[in-house]
Amino acid sequence: MAIKMHQGLKQTQSLMITPQLQQAIKLLTLTHLEMTTLISQEMVENPMLEEVDGEMDAGPAEDTREEMETQEATAENFSGPELIEGSKDTFDWESYSESFNSSSSSSPNMKEATSPDDLPSYENMVSKGQSLQEHLEWQLRMESLETDHLNFCLDLIGNIDDDGYLEVPFDEIVARSNITDRDEALGMLGLVQHLDPVGCGAQNLEECLGIQARMLEERSPLVELIIERNLKDLEKKDYAKISKDFGVSKDKVKDAELIIMGLNPKPGRLISSEETQYVVPDIFVAEVGGEFVVQVNDEGVPRLRISNLYKSLIKSGQSDAEAKEFVQDKLRAAMWLIKSIENRQKTIYKVANSIVRTQQEFFKKGPAFLKPMILKDIANEIGMHESTVSRVTTNKFMHTPIGTFELKYFFNAGIGGKNGGIDIAGESLKLKIKEMIGNEDPKRPLSDQKISELLSTKDIVVARRTVAKYREMMGIAPSSKRKK
């Protein structure tokens, strides 16, 4: 059968995501701080937008909202109103202008130059923290070093990660330097490793702890030997093997263990330039009269309206075609931004209110009573798609009477209900496992299998490997390493 090419016409239907719909979707995923920043940028770029200032200007904002609520938030009308058909302007500028109440000012409100809001924020005046590399380099430059030695040490410091370990092999750094004598290079490495904090520049855990052990005021040969040879045995609490290898009693091995536990396995973390990231809750939940009330955080979110100055230009109708087209584009963008912000706040409220209604026991008694819940449950209740709920819960936080939680925290698939037991949320299972381990006998710690059996007595049927998975997620060591 011969294969040949031909041209033809074909009609197809496909979904199109307009820029306005993309903007609405993007707003759903933004955090509170990101949204306020985006609004500020839009207000700078779009002169049609104006912030409602004070109670006197509430009227125009309400008129704008009422006009926008008459439109359905669908993908079809997100293309914006067609204000121009061909070369004829069919938009009724007079009617549009009359839809707004007159304001006492025909120009945007301008803040005084001496306003406290115009002053630089306190965060911008705080000095920047010093990084680990800068801290080590400052100490290094206090040493009298030759140029080649200084450059080699700076190369070492530049390849130290945040934990304090070399990210690249030592031999590779030596190979690209001007130092040919390996012993000389090792001497420079030792110099860097003894800078504050001691141990930075080590290539592995044993080397890092060994450097710190040799710098102790009272050096212990047993501690240094255990670090060098039997660190794995010490991790397994195999005191008998260590005692036999060095010919000392178990008590001395345990005393050495206490000294080793006082050393820092990640010395680089002592010097950190990371800034504290503060969480701004998007939802507040308060208990009023025995009921939990949901309120969306509107603090810092400007109330927007169409600028009075441009309303007067629309009403006058004396602008040329180019200016009128510019106003039309900016008007369309401003209307969709205001509507998208309002839809975002309403959607967040619906999702948060549904979560609070479903998780009443959680808010009354704590995380141990968190119910299994998935995105589909909330989506079905509020009549939205799962993807919309997923976007709303991304990077959003809820402030509650028992703490601040990310919205994703409330979504946990049920565990333990497939084999005749009851469903339990993953976070609740973690708390139960942690409670059992916290109350165990240190001399006879509970194994994962034993924890699984104890949970089954409470109708929570989970496998041993499930217990092990959640134990590891909490950073808890296995029973062999918890034994004392």
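These legends describe close-up views of a predicted model.

**View 1. The whole chain in outline.** The protein holds 23 helices and 8 strands. It has 484 residues, and 38% of them count as buried. Among contacts with a separation of 6 or more, 66% join residues 24 or more positions apart. The exposed surface comes to about 29600 Å², with carbon and sulfur atoms supplying 50% of it.

**View 2. An open sheet of 4 strands.** The strand order is β5-β4-β7-β8, and the pairing is mixed. Strands β5 and β8 (403-406) form the edges, each pairing on one side only. From one strand to the next, the twist averages 25°. Inside the sheet, β4 meets strand β7 (residues 397-400) through 2 bridges, and these two strands run parallel. I283 has M398 of β7 as its bridge partner.

**View 3. The β4-β5 hairpin.** Strand β4 covers residues 283-288 and pairs with β5 in the antiparallel sense. The pairing extends over 6 bridges. One of the bridge pairs joins E287 to F292 in β5. The hairpin has 2 residues between its strands. G289 takes a positive phi near 60° there.

**View 4. Two faces of strand β5.** In a regular strand the side chains alternate between the two faces of the sheet. Strand β5 (residues 291-296) shows this alternation. F292, V294 and V296 point to one face and are buried. E291, V293 and Q295 point to the other face and are not buried. F292 is also the β5 bridge partner of E287.

**View 5. Helix α16 across the sheet.** Helix α16 spans residues 321-358. It lies across three strands: β4, β5 and β7. The helix runs at about 160° to β5. Of the strands it crosses, β5 is an edge strand of the sheet.

**View 6. The crossing of α21 and α22.** Two packed helices are described by the angle between their axes and the distance between the axes. For helix α21 (residues 448-456) and helix α22 (residues 464-473), the axes come within 8 Å. They cross at roughly 110°. Angles of 65 to 115 degrees count as roughly perpendicular, so α21 and α22 are roughly perpendicular to each other. On the α21 side, the contact is made by D448, Q449, I451, S452 and L455. On the α22 side, R464, V467, A468 and R471 meet them. By class, this contact has 4 nonpolar, 2 polar and 3 charged residues.

Definitions and conventions: Residues numbered from 1 in each chain as written. Predicted model: local features only at pLDDT ≥ 70, side-chain atom pairs only at ≥ 80, totals over all residues. Heavy atoms only, no water. Buried < 20%, exposed > 50% of the residue type's maximum accessible area, 1.4 Å probe, protein only. Contact = heavy atoms within 4.5 Å. Areas by Shrake-Rupley, 256 points an atom, 1.4 Å probe, with all protein chains shown as cover. Pairing = 2+ DSSP bridges. Axes fitted to C-alpha atoms, helices over the stretch in contact; angles between N-to-C directions. Parallel < 35°, antiparallel > 145°, perpendicular 65-115°, else oblique. Nonpolar A, V, L, I, M, F, W, Y, C, P; charged D, E, K, R; others polar.
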